[in-house]
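Me: Please take a close look at one part of this structure, and then go on to other places worth knowing. I am new to it, so explain each term as you use it.

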Amino acid sequence: MLPPKENELITRVEPGTPMGNTMRRYWIPACLSSEIAERDCPPVRVKLLGEDLVAFRDSEGRIGLIDEFCPHRRVSLYFGRNEECGLRCVYHGWKYDVEGNCVDQLNEPPEHQFKHHIHITAYPTSEMGGIVWAYMGPPEKMPAPPKFAWTQVPQARRHVSKVIEECNWLQALEGGIDTSHAPILHRLLTDNSTRGGIKPSNPFVRGKAPNLVVDVTDYGYLYAGIRPLGDSDVHIRTYHFVMPFHQIRPSRSESGIPCDAGHIWVPMDDYNCMVYNWMYSTTDAPLTDEDRRERGIGNGPDFVDQTTFRSKRNRENNYLLDRRVQKTETFTGIDGVNAQDRAVQESMGRVVDRTREHLGPADRAVIQARRLLLQATRTVEAGGTPPGVEATYYLLHPAEAVAPTNTDWRTLLASRAPRTDVLQRA
Ligand code: FES
Ligand SMILES: [Fe+2]
């Protein structure tokens with residue numbers, strides 16, 4: 001449990017809050033590259049850390065990420081015209097370039113124009129791995145570029161999607177670093193089911209409740225869930241938590257290709273987050289069209305409106321819970337592994353009251369993440385650098401295996417070092 005003050009401190013990300021200041025020290029996903037694929041494309045709205053922004057790609061291919069509201073009389077630039085290297089407000093025709101400079105004022109004669117005095121907030125961006133990343137912190141403290149291993153592989157082997165989760169970012173993140181729930185919440189009741197989930201014959205489900213081990217690192221931590229499997233074996237699954245909101249886990253694509261995968265829980269404001277879902281084939285095999293539909297995981301176009309990025313299964317329709325399916329096929333009766341995650345996490349309320357929880361040893365990774373995040377706010381407030389901004393997370397790799405009971409999982413992890421030979425350097 002967390003005292004109310006700490007719960008406030010760790011969850012709130014609006015400008016000027018301690019966690020908001022901490023988040024602004026990292027590269028943060030702002031939108032998918034595909035949302036602003038073309039030069040002079042329509043702008044898109046971006047909500048980040050409580051700030052309303054718009055993103056666009058100008059005539060030269062440069063990306064702008066600027067305040068949504070025109071400084072003249074505060075009209076939304078979402079309605080703007082993206083043309084000739086800038087975004088023009090449709091109300092009186094003021095225009096802004098990707099650096100936030102006002103470059104034209106159509107409603108003033110040349111002798112009255114004061115465009116050189118007008119500047120709109122503009123954040124630097126970096127495009128990597130199919131995502132436009134933003135840096136919203138002090139310019140002199142910009143971190144190393146976010147070259148996660150998955151951002152560096154050829155596009156044919158990578159897939160990225162996103163979906164809004166209607167609750168505070170931290171409780172969503174806490175679901176992602178909580179291995180103990182996965183083979184319970186996401187369990188299928190029968191191996192014959194074709195729905196998304198983990199089959200009863202899978203050692204992840206067959207194994208007993210896990211022992212959790214957490215090793216703190218300079219980027220966050222790596223942790224393992226170790227499950228006894230009969231008398232002589234264990235099932236081991238390792239994850240990474242990269243500050244402040246990344247998870248990296250072992251996975252397989254829908255067609256069975258071995259993958260590394262993960263989520264990024266990006267705070268839109270205190271009550272909503274945008275979850276980015278990525279996976280990449282760790283072999284040379286490219287991902288298939290079926291893999292990219294993400295039907296089993298519950299994030300593709302069948303599950304998520306690709307314009308609003310709202311889940312079609314959401315709190316208003318109880319995630320289309322089917323009680324018959326819950327009796328016969330899946331533990332929850334809700335289709336889509338990540339739709340199941342959203343259902344339980346959103347059910348806790350927009351910001352869960354952490355004074356009323358009862359945590360146990362199986363919550364060790366969640367507890368450690370909170371500790372690191374709270375420490376990071378103190379570090380930033382004291383003028384220091386929080387963990388996870390240096391390049392130490394670039395080649396992280398998770399692992400999963402069934403191994404003899406006395407196996408050292410750290411050795412197992414080391415033996416599955418990333419294949420740097422297949423990484424395409426940016
Ligand atoms: S409000 Fe944008 S130009 Fe007037
Ligand atoms: Fe889950």
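Reply: Asp284 counts as exposed because its relative accessibility is 56%; exposed means over 50% relative accessible area, buried under 20% and partly exposed in between, with a 1.4 Å probe and protein chains only. This residue sits in the loop between β17 (273-281) and α6 (289-293). Strands (E, at least two residues) and helices (H or I, at least four) are DSSP runs numbered from the N terminus. From Asp284 to Asp322 there are 38 residues in sequence and 39 Å in space, C-alpha to C-alpha.

The model is predicted: local features need pLDDT of at least 70 and side-chain atom pairs count only at pLDDT 80 or more, while totals for chains, interfaces and linings use all residues. Residues are numbered from 1 along each chain as its sequence is written, chains are lettered from A and ligands numbered from 1 in the order in which they are written, and side-chain values use heavy atoms, leaving out hydrogens and water.

Next comes the metal site. The iron ion (ligand 2) has as protein donors His181 (NE2), His186 (NE2), Asp341 (OD) and Asp341 (OD), at 2.0 to 2.7 Å. Donors are N, O and S atoms within 2.8 Å of the metal (3.2 Å for Na, K and Ca), and sites may look incomplete because water is not among the atoms. Along the chain, the donors of this ion have the spacing H-x4-H-x154-D. His181 belongs to the loop between α3 (169-176) and α4 (182-185) and Asp341 to helix α8 (residues 337-347), so the pair ties together parts 160 residues apart in sequence. His181 is buried, at 18% relative accessible area, and Asp341 is buried too, at 11%.

Then the cysteines. The structure has zero disulfides, a disulfide being a pair of cysteine sulfur atoms within 2.5 Å. Cys31 is in no disulfide, and its nearest cysteine sulfur, in Cys41, is 8.7 Å away. Cys31 is buried, with 0% relative accessible area. For Cys273, the closest cysteine sulfur is that of Cys167, and the 5.2 Å between them is too far for a bond. Cys273 is likewise buried, at 0%.

Back at the surface, Val90 lies in the loop between β6 (87-88) and β7 (94-96). Its relative accessibility is 47%, so Val90 counts as partly exposed.
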